[in-house]
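Here are my notes after a pass through this one. Have it open while you read, and tell me where you'd look next.

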Amino acid sequence: MIEEGSKRGKAMVEKRQLFMEMRAQNFDVIRLSTYRTACKLRFVQKRCNLHLVDVWNMIEAFRDSGLNTLDHNAEINVSRLETILSSIYYQLNKRLPTTHQINVEQSIGLLLNFMVATYDSEGHGKLTVFSMKSMLATMCGGKIVDKLRYIFSQISDSNGVMAFAKFDQFLREVLKLPTAVFEGPSFGYTEHSVRTCFPQQKILLNTFLDILMADPPPQCLVWLPLMHRLANVENVFHPVECSYCRSESMMGFRYRCQQCHGYQLCQSCFWRGHANGPHSNQHQMKEHSSWKSPAKKLSHAISKSLGCVPIGEPPHPMFPEQSEKPQDTMAHTVQPKPVANNMNNTMLMSSGAPTPTKSVLESPSRLDEEHRLIARYAARLAAEAGNSTVSSSTQCPPTDLSFNFDANKQQRQLIAELENKNREILQEIQRLRLEHEQASQPTPEKAQQNPTLLAELRLLRHRKDELERRMSALQESRRELMVQLEGLMRLLKDEEQKQAAQTGGSPHSSPSHGAGCSMPMPIRSTSAGSTPTHTPQDCLAGVGGDVLEAFAHGVPRNLRNDLLVAADSITNTMSSLVKELHSVDDAAEEEDNNMRNGGLRDRAEAE
């Protein structure tokens, strides 16, 4: 009794272990239920090592376990489920290298307890075949398009049309996964879930894929593509600083605000609803799953503007509309058929034995383009080999391969010719650049080739020096004249003050006469014996003719105006001198240019 109690207690601890570890991750702090559900299911997937099992390996395990012959509503007990999971994980360890082996027993125990807790909550000890297939096909690794194709094969009829009753059953089973991780209120099953996903009546494979892989997908399954995107961006590095936590780099998703310029958040801050500054949680954010440098963005924009980048690439290839058999065997799942996609490229697929490149052939990703081309080439080789084996008597030549080889050879030749022409053009550009640089730098030898130009240049420079000396002399004369004018103005001011004093002291003067003598009058000498310091005429040495005339005549004149006229005449003389000097400079520059051009013409004639 004690041993049985200890076993039961150990079993209860194992059942709760996965949920306890999930709670320790603190996923409940994530604000959005979609990200919260996807993170929890991704944790369960990685903790149970289901991300290492591809969907095609899972389909092979179903076939080996004999589940294809059972009805969807058939029940299997927990022991048989444990056997199936054991075969899946042991086969996985055989494919993994020795340094990456997993703990098979622990993975089996965790996944088995999770499946029982999800699909056998009442404790009957049995699960339906469809429940197990739906759960393992959804939670295993691989591409979402391959998973959805397998699911459609399980819920479609013989005509390739989806049965709504089976899709309703699938929704019941798959929506138990969010409920198992305590997200049932957000993504639980309702009776109207089917019609919200597919309002139309007839649903074929391409329509099924378009709706479930749309952006956004149906609300009840929005966590499914997000879980796959989480797996793809776990190791993506963004060399950008988070605007909230100031982390210098980001891992995973990156979110950019569409309203705040340059505001970016890491996935941890965005999921928790952190915001600072002018940013608000109500702003629209754009999710980025990769990082592109400014140079790559520029090249992509240029390629897109030139039409080198296809716009609106479909999320999945177009599949034939005819009915497909249920993909319960690996022989069927890897039998691709010739289908023309929207890029007008015919995908030639093998119709014989299974090939390991079937998922590459059906991949819509641009990253798998090279692998898809290799697979197409291998399929062509296999088809040609099969045709040669069947009709060996006719011995048909491989025209397709020869045509392909000839086309590749012509393309290589054309590329080589274009590269040679490019090199020649670059060499010619370099040669012309060197010639231009040499021509723009005249040497002394070139200047000595035309003595006439040199003589004219020397004359112009001599004339320029003379004009500069004359300008300096005129400036010195102007300074002396200004000094003399200042002295005269002082004398005039003193004389006005004396006249005002004499007029004020005279009894015959009147106020009106004193007020009318506001303008200064010329000063004239009254005695021959006065000293030079007191005679204004002695200060007029070197003054212009207008000033001398103003002091010589006995008629009273306005001396201030005469002095201003004299200053204006001097200024005009200086301006004419400066203009003449500039004209000489322009002539010298023109002679220099003529000499340089003449040297170039002489060189051209010599060549």
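1. A word on terms before anything else: a contact here means heavy atoms within 4.5 Å. With that in hand, look at α7 and α13, where Ile144, Lys147 and Leu148 of α7 meet Leu224, Pro225 and His228 of α13. By type, the residues of this contact split into four nonpolar, one polar and one charged. As for geometry, two packed helices are described by the angle between their axes and the distance between the axes. For α7 (residues 144–155) and α13 (residues 223–233), the axes come within 11 Å and cross at roughly 145 degrees.

2. Now the whole chain, bearing in mind that this is a predicted model. The protein chain has 24 helices and nine strands. Of its 607 residues, 35% are buried. About 36,400 Å² is exposed, with carbon and sulfur atoms supplying 54% of that area. Take the contacts between residues at least 6 apart in sequence: 65% of them join residues at least 24 apart.

3. On to α5, which runs over residues 104–119. Its 16 residues reach 22 Å from the first C-alpha to the last, close to the 22 Å expected at 1.5 Å a residue. Why call this helix largely enclosed by the rest of the structure? Because 12 of the 16 residues of α5 are buried. Among them are Leu110, Leu111 and Leu112 in a row, followed by Asn113, Phe114, Met115 and Val116. Ser107, Thr118 and Tyr119 are buried too.

4. α3 (residues 55–64) is worth a look at both ends. At the N-terminal end, aspartate 54 acts as the cap, with a side-chain oxygen 3.1 Å from the backbone nitrogen of tryptophan 56. Trp56 is itself one of the buried residues of α3, a list that also includes Val55, Met58, Ile59, Ala61 and Phe62. After the helix comes glycine 66, with a positive phi near 75 degrees.

5. Last, serine 65, which sits in the loop between α3 and β1 (75–77). Buried or exposed? Serine 65 counts as buried, because its relative accessibility is 18% and the cut-off for buried is under 20%. Its side chain reaches back to the backbone oxygen of alanine 61, at 2.9 Å. Leaving aside residues up to four places away in sequence, serine 65 touches Arg80, Ile84 and Ser87.

How values were computed
Residues are numbered from 1 along each chain as its sequence is written. This is a predicted model: local features need pLDDT of at least 70, side-chain atom pairs count only at pLDDT 80 or more; totals for chains, interfaces and linings use all residues. Side-chain values use heavy atoms; hydrogens and water are left out. Helices (H or I, at least four residues) and strands (E, at least two) are DSSP runs, numbered from the N terminus. The expected span of a helix is 1.5 Å times one less than its number of residues. Buried means under 20% relative accessible area, exposed over 50%, partly exposed in between (1.4 Å probe, protein chains only). A polar contact is a pair of N or O atoms within 3.5 Å; within protein, one must be able to donate a hydrogen and the other to accept it, and residues adjacent in sequence count only if both atoms are side-chain atoms. Accessible areas come from the Shrake-Rupley method with a 1.4 Å probe; for residues, only the protein chains shown count as cover. Axes are lines fitted to C-alpha atoms, for helices over the stretch in contact, and angles run from 0 to 180 degrees between N-to-C directions. Ala, Val, Leu, Ile, Met, Phe, Trp, Tyr, Cys and Pro count as nonpolar, Asp, Glu, Lys and Arg as charged, and the others, Gly among them, as polar.
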